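Here's a quick walk through the backbone of this one, from the strands to the odd torsions and the ligand shell. Have the structure open as you read.

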Amino acid sequence: MNSVPTRKSDLDTPCLVLDLDILNTNIAQMQTVAAGAGKRLRPHAKTHKCSALARRQIEAGALGVCAAKVSEAEALTKAGISGILVTGPVATPEKVRRLVELRAAVPALMTVVDHRAGVELLDQALRARGLTMDVLLDVDAGLHRTGVKPSDALELAGQILARPSLRLKGMQAYAGQVQHIQTYEERQAASLACLREAAELFRKLRRLTADCVIFSASGTGTFDIDIRIPEITEMQVGSYVCMDAEYRAIGSAGDAARFTSFAPALRLLTTVISANQNGFVTVDAGLKALYRHGGVPEIMGAEHAGMAYDWFGDEYGKVSFPDTVAPPPLGSVLELVTSHCDPTINLFDRYYLTRGADVVGVWPIDLRGCSQ
Ligand SMILES: Cc1ncc(COP(=O)(O)O)c(C=O)c1O
């Protein structure tokens with residue numbers, strides 16, 4: 001890598017910057033809300049894919065981080081991060097082998113299970129190595145993506161309990177389908193309804209075994225709602241730390257039209273590289289730099305009010321502006337809030353850390369590409 005510029009205005013684009021002060025405020029804010037409600041935090045590293053950021057969350061009070069995939073857990077472990085929960089079930093012998101290999105090195109590693117066949121695979125691999133492992137029951141809280149059906153959960157719990165290699169530590173119930181419901185009131189009603197049902201199941205699990213002490217749930221869109229469920233012990237929130245346009249566009253407790261609980265720490269810098277047309281200019285961030293999913297990317301800065309970004313192929317974006325707004329000149333740099341932070345972050349190798357106009361550091365996105 002070339003030497004890192006000391007001024008944000010000298011960064012080459014497209015690139016990702018993290019505003020350190022906003023980032024620290026987001027981390028502290030979530031930690032304070034969780035701690036105030038008696039919950040622990042195990043933030044999801046699938047959002048930021050960065051072990052340095054995970055370390056900062058842990059230093060602020062998190063008990064570890066979540067990983068979506070085994071390869072993310074491997075990279076986090078390599079970087080010295082502990083307290084990892086793998087939130088996606090594993091279903092093949094090869095993936096189970098990797099997971100058990102990692103467990104051999106890290107006794108505190110936890111994973112979820114959601115199917116009898118997965119339980120069997122894990123049990124066999126652990127027994128072959130003479131190991132035991134802590135697991136959470138992944139329960140479908142209405143997203144229907146992963147998770148055992150609530151009606152089948154106690155039976156699966158019984159199968160876990162029958163295997164001495166597995167220790168049933170609790171359950172996970174991630175209600176992804178409610179996170180972006182537009183109005184706070186509807187989101188609140190939907191989240192409380194699914195998590196109350198999940199909480200009832202957790203009480204039953206606890207009656208089965210005293211080892212069952214963890215109920216992990218929640219996301220950024222419902223963090224201040226789900227803390228009201230007494231049974232939830234820890235929160236697996238992810239996006240709050242970076243934030244994105246998709247989350248910014250939903251209502252929050254304090255603002256019906258905006259999600260104001262956290263500010264956008266993550267920005268994408270993009271340069272105007274062609275300005276020959278009426279009504280729009282072309283910038284250097286397209287599909288390969290800004291993932292097309294979620295909300296409409298926001299162009300920051302009062303002087304850019306009325307401008308709108310749209311994708312313009314793989315390498316480019318189109319920034320349109322009304323007649324009343326001065327066109328951004330060739331070579332000028334725009335700062336965008338990304339549509340959906342997770343998949344956009346996965347397109348870059350590093351974050352530049354900024355404080356005001358200064359670049360104060362670089363964090364590698366070392367979990368980039370860990371999709372296995
Ligand atoms: C299983 C799981 N838990 C937690 C999260 C974090 O959610 P959010 O980014 O909305 O905070 C996600 C995000 O997709 C997830 O898939």
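## Strands, odd torsions and a ligand shell

Val-17 has Tyr-352 as its bridge partner in β16. That pair belongs to a parallel arrangement in which four bridges join β1 to β16 (residues 350-355). Keep in mind that this is a predicted model.

β16 has another partner too: six bridges join β16 to β17 (residues 358-364), and here the strands run antiparallel. Thr-354 stands opposite Val-359 in β17. The hairpin of β16 and β17 has two residues between the strands, and Gly-356 takes a positive phi near 60 degrees there.

Now for the open sheet. Eight strands make it up, with parallel pairing, and the order reads β2-β9-β8-β7-β6-β5-β4-β3. At the edges sit β2 (40-41) and β3 (65-67), each pairing on one side only. For β2, the pairing is with β9 (residues 234-235), in the parallel sense and over two bridges. If you want a residue to click on, Leu-41 has Met-235 as its bridge partner in β9. Over at β3, helix α4 (residues 70-78) lies across β3 and β4 (84-86), running at about 165 degrees to β4.

A few backbone spots are worth a look. Most residues other than glycine have a negative phi, and most peptide bonds are trans. Here are two non-glycine residues with positive phi:

| Residue | Phi | Citation |
|---|---|---|
| Lys-49 | near 50 degrees | positive, not a glycine |
| His-144 | about 60 degrees | positive, not a glycine |

Lys-49 is in the loop between α2 (45-48) and α3 (51-59), while His-144 is in the loop between β6 (133-138) and α7 (150-161). Is Lys-49 buried or exposed? Lys-49 counts as buried because it has 25 C-beta neighbours inside 10 Å, and the cut-off for buried is 20 or more. His-144 has 10 C-beta neighbours inside 10 Å, so it counts as exposed; the limit there is 12 or fewer.

There's a cis peptide bond as well: it joins Thr-13 and Pro-14, with omega at about -5 degrees. Pro-14 lies in the segment before β1 (15-19).

Finally, the ligand. How many residues surround the ligand? There are 14, and the closest are Tyr-174, Gly-219, Thr-220, Gly-238 and Ser-239. By type, the residues of this shell divide into three nonpolar, 11 polar and no charged.

Technical notes
Residues are numbered from 1 along each chain as its sequence is written. This is a predicted model: local features need pLDDT of at least 70, side-chain atom pairs count only at pLDDT 80 or more; totals for chains, interfaces and linings use all residues. A residue is near a molecule or strand if its C-beta atom, placed from the backbone, lies within 6 Å of it. Ala, Val, Leu, Ile, Met, Phe, Trp, Tyr, Cys and Pro count as nonpolar, Asp, Glu, Lys and Arg as charged, and the others, Gly among them, as polar. Two strands pair if DSSP finds at least two bridges between them. Two residues are in contact if their C-beta atoms, placed from the backbone, lie within 7 Å. Axes are lines fitted to C-alpha atoms, for helices over the stretch in contact, and angles run from 0 to 180 degrees between N-to-C directions.
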